[in-house]
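Biologist: I am new to this structure and would love a close look at a single part of it. Could you pick one strand, take me through its surroundings, and then show me how the rest fits around that picture?

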Amino acid sequence: MKVSPDLKYTQNDEWIRVEGSTGTAGITDYAQEQLSDIVFVEVLASVGETIAKGAAFANVESVKAAAEVYMPVSGTITAVNNALPQGPEAINKDPYGEAWMVRFTITAPAELEGLMSSAAYQKHCEGRSH
Amino acid sequence: MAYIPHTDADRQAMLAAIGVERMDDLYDAIPADVRFPDLDLPEAVSELEILDELQALSEANLDTRHFACFLGAGAYNHFIPSAVDHILRRGEFYTAYTPYQPEISQGTLQAIFEYQSLICQLTGMQVSNASHYDGATALAEAVILALNHHRGKRAKVVMSPAVHPHSRQVVRTYTQGMGVTVVGDESCCNGPDDLAAHLDSNTAMVAVQYPDFFGHIVDFTRLAEATHAAGALLCVSVNPLALGLLRPPSGFGADVVVGEGQPLGIPLSFGGPYLGIFTTKQEFVRKMAGRLVGETVDSRGQRAYVLTLTPREQHIRREKATSNICTNQGLMALAAAVYLSLMGKQGLRRAAELCYHKAHYAAAKIGALPGYKIWNEGTFFNEFVVACPKPVAEINHHLLEDHEIVGGYDLGHDYAELKGHMLIAATEMNTREEIDELASALEEVAHD
């Protein structure tokens, strides 16, 4: 599994890139590995909508399972990756880059404190039993 | 070896969880004296004797082979080519369900694929699932699709009163406890404009029927535009046989087209099994319940069929599934596919034309009788409403007892305003003599 040191992570395998007051989120490499071939993505969030930390903003479906993707921190959506539904396999190929899901204005920056660093997230994944 | 996995400890834990001590406590609600009734069964008889007895019982039923039938209201007496039944009963096909190890049954998958393709052609829609149990279930699944499409943010369904009353009931049953309100069908005469007046930002779906329950052929183009302008979806429930003649509902922008598939080669059979047709646009395919067979190529490049969307509900989505219906009505879907193949485009059109012309001949005859009046305004297909001079039940009794005719449907059952109105259907099976006899019998009963 790959992690990227410039990102923060949730227990539920979402990542967030923080640039000033803007956050970008998607699911981690570990998550895509666990799901295997992803065949369907539906971003539920629409631009302008404010979504609370922990609320679902997307559905991801692979040949094995369906999963909801939750907001790592609260935010107001500014952009949605509309290319993703047409090419959901991007999540398998490039989860931290091409397969970003939503971009948003972070509305409660204090919530970032509760997220994991890449090292902590790596440890978190290694500690999980299957 | 016992195949029941629960141990005594499991049972005790379950009983404790629901707060009873013994298994017998679960049956407390049933009076003790009826828990194990004496069945008082007769002595066993031989196969020969029991066949005689069952034959006699079945002959006590009246059937459409011996009686002229003018009853429709959602289930119609059509001609079924014998080849339909012969193909259905082949051992390779004779299962009611999609197989659970589907890819090994390529023939069954191909048959379902052909069914889907034919239904798409007929409705003009892009995607058909492998079918549902009946037309009413299919309509309810259409409503579920709309609710999910709007992610639970819209909770109103605008329902035409001219959608089959049973289907409307099934929709209400299906959506119980989901906070959904169904409006629009309060009066029998609410037309497209009355339905459009209900549209708002809380409306998930508008549901209409084509031809409608009273037989009318309504153009829903304007209603479709208004529905889409409000951000809602339009569902059209069809009689698939009528589509042999009529413009398909995709033409006026339907998002979901459902229907009762019984007219396509499925016998009346005292009410079932029937066939639920469900079609939609490509963009809603992931929201569609049930199964979908797809065509692909195998590792050697040969054509092969797969259950493209089967595992979604049961295997992948599980508790996130939006519908619990995973199976289809395999045998009846096959019947429809065989029927449509045998009839062909021209044959289906001819059958639909015959239905139309026979119904219009009947309406002209009956409308001219003193005391009877045709209620329909505008074009109708193979069914029409007659205002009668006497209670419908009384007229039907007379038709049945004195003329061996199964009369029309008593609309007073479902519409308070339509007491004394009878819904009469005609199909290609009704001869001119039968229709003339119906008219003279109606004339006779009016004078009694």
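Modeller: Gladly! A word on terms to begin with: helices are DSSP runs of H or I with at least four residues, strands are runs of E with at least two, and both are numbered from the N terminus. Please keep in mind throughout that this is a predicted model.

Let me set the scene with chain A. Chain A has nine strands and three helices, and along the sequence they come in the pattern β-β-β-α-β-β-β-β-β-α-β-α. Its radius of gyration is 13 Å, close to the 14 Å that the globule rule gives for 130 residues, so chain A is as compact as a globular protein of that length. Along the principal axes, its C-alpha atoms fill a box of roughly 35 × 35 × 20 Å. Some 36% of the 130 residues of chain A count as buried. Among the contacts in chain A with a separation of 6 or more, 64% are between residues 24 or more positions apart.

Chain A also meets chain B: six residues of chain A are in contact with five residues of chain B. On the chain A side, four of the touching residues are nonpolar, two are charged and none is polar.

Now for the strand I would pick, which is β7 of chain B, residues 256-260. Is it buried or exposed? Five of its five residues are buried, so β7(B) is largely enclosed by the rest of the structure. In a regular strand, side chains alternate between the two faces of the sheet. You can follow that here: B:Val256, B:Val258 and B:Glu260 point one way from β7(B), while B:Val257 and B:Gly259 point the other way, and all are buried.

Which strands pair with β7(B)? One partner is β6(B), residues 233-238, which runs parallel to β7(B) and is joined to it by four bridges. In that pairing, B:Ser237 stands opposite B:Val258. The other partner to look at is β8(B), residues 276-280, which pairs with β7(B) in the antiparallel sense over five bridges. There, B:Glu260 stands opposite B:Gly276.

From β7(B) we can step into the core. B:Ala142 touches B:Val256 and B:Val258 of this strand, and B:Met205 and B:Cys235 as well, leaving out residues up to four places away in sequence. B:Ala142, B:Met205 and B:Cys235 are also among the residues that touch the most other members of the largest nonpolar core, which has 117 residues; B:Leu139, B:Val143 and B:Ala336 belong to that group too. Helix α10 of chain B, residues 330-367, gives the most to this core, with 19 residues. Apart from it lies another core, of 33 residues, including A:Leu7, A:Tyr9, A:Val41 and A:Ile51. In soluble globular proteins, nonpolar side chains tend to be buried together.

Elsewhere in chain B, two loop serines are worth a visit. B:Ser160 lies in the loop between β3 (156-159) and α6 (165-174) of chain B. Why does B:Ser160 count as buried? The cut-off is 20 or more other C-beta atoms within 10 Å, and B:Ser160 counts as buried because it has 26 such neighbours. Leaving aside residues within four places in sequence, its contacts include B:Gly184, B:Asp185, B:Asn190 and B:Asp212. The C-alpha atom of B:Ser160 is separated by 30 Å from that of B:Gly330, 170 residues apart along the chain.

The other serine, B:Ser105, sits in the loop between α3 (82-88) and α4 (106-123) of chain B. With 20 C-beta neighbours inside 10 Å, B:Ser105 counts as buried. Helix α4(B) has 18 residues and reaches 26 Å from its first C-alpha to its last, close to the 26 Å expected. Among its buried residues are B:Leu109, B:Ile112, B:Phe113 and B:Gln116. Just after α4(B), B:Gly124 takes a positive phi of about 75 degrees.

For a strand arrangement to set beside β7(B), go back to chain A. An open sheet of six strands there has the order β1-β2-β3-β9-β8-β5, with antiparallel pairing. Strands β1 (8-9) and β5 (50-51) of chain A stand at the edges with a single partner each, so one side of each is left without a neighbour in the sheet. Within this sheet, β8(A), residues 75-80, runs antiparallel to β9(A), residues 102-106, with five bridges joining them. A:Ile77 stands opposite A:Phe104 in β9(A).

Key. Residues are numbered from 1 along each chain as its sequence is written. Chains are lettered from A and ligands numbered from 1 in the order in which they are written. This is a predicted model: local features need pLDDT of at least 70, side-chain atom pairs count only at pLDDT 80 or more; totals for chains, interfaces and linings use all residues. The radius of gyration is taken over C-alpha atoms; the globule rule is 2.2 Å times the number of residues to the power 0.38. A residue is buried if 20 or more other C-beta atoms lie within 10 Å of its own, exposed if 12 or fewer, and partly exposed in between; C-beta atoms are placed from the backbone. Two residues are in contact if their C-beta atoms, placed from the backbone, lie within 7 Å. Ala, Val, Leu, Ile, Met, Phe, Trp, Tyr, Cys and Pro count as nonpolar, Asp, Glu, Lys and Arg as charged, and the others, Gly among them, as polar. A nonpolar core is a set of buried Ala, Val, Leu, Ile, Met, Phe, Trp, Tyr and Cys residues joined through C-beta atoms within 7 Å. Two strands pair if DSSP finds at least two bridges between them. The expected span of a helix is 1.5 Å times one less than its number of residues.
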